[in-house]
Amino acid sequence: MSDFAARRAAATAAFDDYDIDGFLTVDSAHVAWLSGFAGSNAGLMLSASGALLSTDGRYTVQAGKQAPDLELVSARNTGVALLGRAEALGVSRLGVESELLTMAAFADLESNLPGGLELVASRASSQSSAW
């Protein structure tokens, strides 16, 4: 298991502590820490059943090389694109990094929520001591 996969597994194991079953980060430093992908436009969704990486078309080759173990979703608005895949990953309560999202970004996510998906503002960070 790679260091990145181990970090994702540790993050997923902490979901019960935050009453979530999925986690979304669009912070490039946190995406890189959890996936190995170092592009400037990225999002990562974690769930117990897997992880998805999203970036725009400029970075698809780079993402494939740096995070070959992750399924890639190509989209400009990475967070919104990943919301649409939450149900397939079995996510109904999606934790987001409330300390990092602007109000506008949070509103954008909320306005694009598929039915049955709830955003959970969480102070959980992908690099927290729990993970």
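Which exposed residues does helix 1 carry on the face turned away from its buried side? They are Asp3 and Ala13. The views below come from a predicted model.

**View 1. Helix 1 has a buried side and an exposed face.** Helix 1 spans residues 3-13. Its buried residues are Ala5, Arg8, Ala11 and Thr12. These four cover an arc of only 120 degrees around the axis, so they sit on the same side of helix 1. An α-helix has 3.6 residues a turn, so residues three or four places apart point the same way. The buried residues of helix 1 pack against helix 2, helix 3, strand 2 and strand 3. Asp3 and Ala13 are exposed on the face turned away from that buried side.

**View 2. Helix 3 buries four residues.** Helix 3 runs over residues 28-35. His30, Val31, Leu34 and Ser35 are its buried residues. They lie on the same side of helix 3, because their arc around the axis is only 110 degrees. Several elements cover these residues, including helix 1, strand 1 (22-25), strand 2 (42-47) and strand 3 (50-55). Helix 4 (60-66) and strand 5 are also among the covering elements. Gly36 follows helix 3. The phi of Gly36 is positive, near 95 degrees.

**View 3. Helix 1 packs on helix 3.** The two helix axes are 6 Å apart. The packing angle is about 110 degrees. Helix 1 and helix 3 are therefore roughly perpendicular to each other. From helix 1, the contact involves Phe4, Arg7 and Arg8. From helix 3, Ala32, Trp33, Leu34 and Ser35 take part. Arg8 is also one of the buried residues of helix 1. Leu34 and Ser35 are likewise among the buried residues of helix 3.

**View 4. Six strands form an open sheet.** The strand order is 4-3-2-1-5-6, and the pairing is mixed. Strand 4 and strand 6 stand at the edges. Each has a single partner strand, so one side of each is left without a neighbour in the sheet. Neighbouring strands of this sheet are turned by 25 degrees against each other on average, direction ignored. Strands of a sheet pair through backbone hydrogen bonds, either parallel or antiparallel.

**View 5. Strand 2 pairs with strand 1 and with strand 3.** Strand 1 and strand 2 run antiparallel, joined by four bridges. Here Leu24 has Met45 of strand 2 as its bridge partner. Strand 2 and strand 3 also pair in the antiparallel sense, over six bridges. In this pair, Leu44 is matched with Leu53 of strand 3. A hairpin of two residues links strand 2 to strand 3.

**View 6. Strand 3, helix 4 and strand 4 build a β-α-β unit.** The unit is right-handed. Strand 3 is mostly covered, with five of its six residues buried. Strand 4 covers residues 71-74. It runs parallel to strand 3, and four bridges join the two. Ser54 stands opposite Val73 of strand 4.

**View 7. Strand 5, helix 6 and strand 6 make a right-handed β-α-β unit.** Strand 5 (residues 93-97) and strand 6 (residues 118-122) pair in the parallel sense. Five bridges connect this pair. Gly95 stands opposite Val120 of strand 6. Helix 6 covers residues 103-111. Helix 6 lies across strand 1, strand 5 and strand 6. It runs at about 155 degrees to strand 6.

**View 8. Arg93 in strand 5 has partners from elsewhere in the sequence.** How exposed is Arg93? Its relative accessibility is 22%, so Arg93 counts as partly exposed; the buried class ends at 20%. Arg93 and Gly22 lie 71 residues apart in sequence, yet 6.3 Å apart in space, C-alpha to C-alpha. Not counting residues up to four places away in sequence, Arg93 touches Asp19, Ile20, Asp21 and Gly22, among others. Leu117, Glu118 and Val120 are also among its contacts. Asp19 sits in the loop between helix 2 (15-18) and strand 1. Its phi is positive, near 55 degrees, although Asp19 is not a glycine. Most residues other than glycine have a negative phi.

Key:
Residues are numbered from 1 along each chain as its sequence is written. This is a predicted model: local features need pLDDT of at least 70, side-chain atom pairs count only at pLDDT 80 or more; totals for chains, interfaces and linings use all residues. Side-chain values use heavy atoms; hydrogens and water are left out. Two strands pair if DSSP finds at least two bridges between them. A crossover is right-handed if, with the strands pointing away from the viewer, the path from the first strand over the helix to the second runs clockwise. Buried means under 20% relative accessible area, exposed over 50%, partly exposed in between (1.4 Å probe, protein chains only). The arc is that of the directions from the helix axis to the C-beta atoms. Contact means heavy atoms within 4.5 Å. Axes are lines fitted to C-alpha atoms, for helices over the stretch in contact, and angles run from 0 to 180 degrees between N-to-C directions. Angles under 35 degrees count as roughly parallel, over 145 as roughly antiparallel, 65 to 115 as roughly perpendicular and the rest as oblique.
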